[in-house]
Amino acid sequence: MLHLRVIAPAERSAAVVDLLSTDPGVTHLVVLAGVARQPAGDYITCDVVRESADAVLRRLQDLGIEANGAIAADDVELTVSAAADRAAAEAPGHGEDAVVWDEIAAKTGEQTVLSGTFLALIVVATMIAGIGVLLDQPILIVGAMVVGPEFGPLAALCVALLRRQPPVIGRSVQALTVGFLAAMVATVLSTWALDAAGLVDRGMLLAERPLTDFIWRPDALSWVVGLLAGVAGMLSLTSKKSGSLVGVLISVTTVPAAANVAVATAYGVWPEAAGSALQLVINLAAIVLAGLLTLVVQLCWWRLVARRAAHAVPRQRVDRGPAPVSASRRPPRDAG
């Protein structure tokens, strides 16, 4: 469930209240007339079940509320309310499967910024994976996967492609390109430094590495793993389930490959560098394609759910009591 806060201009307030009070997925509606100051207007709050949230937000935007007012939403972790239970039962679909597109766009859009933190994390992750490649240590590869932050821009790219947002697409591609290039350059330099210190050598790269050689040997399974990672990543984003763990799954197909490119380049082992680069490209393409297709399927599914709900015979709703009346609009008490 989401807690919705709306500042509506006075001339739009009645339309907003009508919209919210008639939607079966909305409950706990409160209207405070004229209390908002910046921007000025009526302050309206309510709770809306996730399966109805996207439609409610879209209809509020159709009223133009964001132009002279404001719309904000927060997750509600706990609700103990019979009215909320009725709203969840009456709304079409299931909250676990619900997609709130504005929420996803806002969340992923924040992760397209090429910040110092993003660069530091992807550089550190790739350097750790580079050491793991040389030592043939999966535990170091897993550690690098935990640190890797590239899931954010990849998810943002999928959402932006679906919503046709060229600026977000550009920022996502820039973050991924600059991030991976910076990480690989840093890993080349760190490999040379470790070699100069006598901690690693070229023979470690050329030796048999049965636990990590899959990183630079792309095959059909590389494409399959990338597709599965893309589906899992997008489902975790839209359903808000195990996001950090799925980020690890995404990283298993990207950061280690970038690290292997860097280490092989540092030692001039060009066939391995080329294989790792191909692995990275295949996996990135598969993740984006699978993520985009997952979003398309979810969009089509929820359109079907909404269409069925619109054509269904409406059930008699439980009376939720009289419409909310703001304190400033209540009739005066009898003076006598």
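**Reading a predicted model: strands, helices and cores**

User: Pro39 lies in the loop between S2 and S3; which residue does a cis peptide bond join to Pro39?

Analyst: This is a predicted model, in which local features need pLDDT of at least 70 and side-chain atom pairs count only at pLDDT 80 or more, while totals for chains, interfaces and linings use all residues. Residues are numbered from 1 along each chain as its sequence is written, and side-chain values use heavy atoms, with hydrogens and water left out. Strands (E, at least two residues) and helices (H or I, at least four) are DSSP runs numbered from the N terminus, and S2 and S3 are joined by a hairpin through two residues. The cis bond, with omega at about -5 degrees, joins Pro39 to Gln38.

User: What is the order of the strands in the open sheet?

Analyst: Two strands pair if DSSP finds at least two bridges between them, and seven bridges join S2 (residues 26–37) to S3, with Arg37 having Ala40 as its bridge partner. Seven bridges also join S1 (residues 2–8) to S3, where His3 stands opposite Asp47; S1 is further joined by six bridges to S4 (residues 70–75), where Leu4 stands opposite Ala73. The edge strands, each pairing on one side only, are S2 and S4. With antiparallel pairing in this open sheet of four strands, the order is S2-S3-S1-S4.

User: How many of the nine residues of S3 are buried?

Analyst: Buried means under 20% relative accessible area, whereas exposed means over 50% and partly exposed lies in between (1.4 Å probe, protein chains only). By that rule S1 is mostly covered, as five of its seven residues are buried. Strand S3, which spans residues 40–48, is also mostly covered, and its number of buried residues is seven.

User: At about what angle does helix H1 run to S3?

Analyst: Axes are lines fitted to C-alpha atoms, for helices over the stretch in contact, and angles run from 0 to 180 degrees between N-to-C directions. Within the sheet, the twist from one strand to the next averages 15 degrees. Helix H1 (residues 10–22) lies across S1, S2 and S3, and its angle to S3 is about 10 degrees.

User: Which four residues have the most contacts inside the largest nonpolar core?

Analyst: A nonpolar core is a set of buried Ala, Val, Leu, Ile, Met, Phe, Trp, Tyr and Cys residues joined through side-chain atoms within 4.5 Å. The largest one has 54 residues, and those with the most contacts inside it are Leu134, Phe180, Leu205 and Tyr267.

User: Which helix supplies the largest share of this core?

Analyst: The largest share amounts to nine residues. A second, separate core of 21 residues includes Leu19, Cys46, Leu60 and Ile65. The helix that gives the largest core its largest share covers residues 255–266 and is H13.

User: Why is helix H8 described as largely enclosed by the rest of the structure?

Analyst: Helix H8 (residues 151–163) reaches 18 Å from its first C-alpha to its last, close to the 18 Å expected for 13 residues, where the expected span is 1.5 Å times one less than the number of residues. Its buried residues include Phe151, Leu154, Leu157 and Cys158. H8 is largely enclosed because its buried residues number 10 of the 13.

User: Is Arg164, which follows H8, buried or exposed?

Analyst: Arg164 lies in the loop between H8 and helix H9 (166–196), and has a positive phi of about 55 degrees although it is not a glycine. Asp136, in the loop between H6 and H7 (138–147), likewise has a positive phi of about 55 degrees, but Asp136 is buried, with a relative accessible area of 12%. At 73% relative accessibility, Arg164 counts as exposed.

User: With which side chain does the side chain of Thr112 make a polar contact?

Analyst: Thr112 lies in the loop between H5 (101–109) and H6 (116–135) and is buried, with a relative accessible area of 2%. Contact means heavy atoms within 4.5 Å, and, leaving aside neighbours within four places in sequence, Thr112 is in contact with residues including Ala156, Val168 and Ser172. A polar contact is a pair of N or O atoms within 3.5 Å; within protein, one must be able to donate a hydrogen and the other to accept it, and residues adjacent in sequence count only if both atoms are side-chain atoms. At 3.2 Å, the side-chain partner of Thr112 is Arg171.
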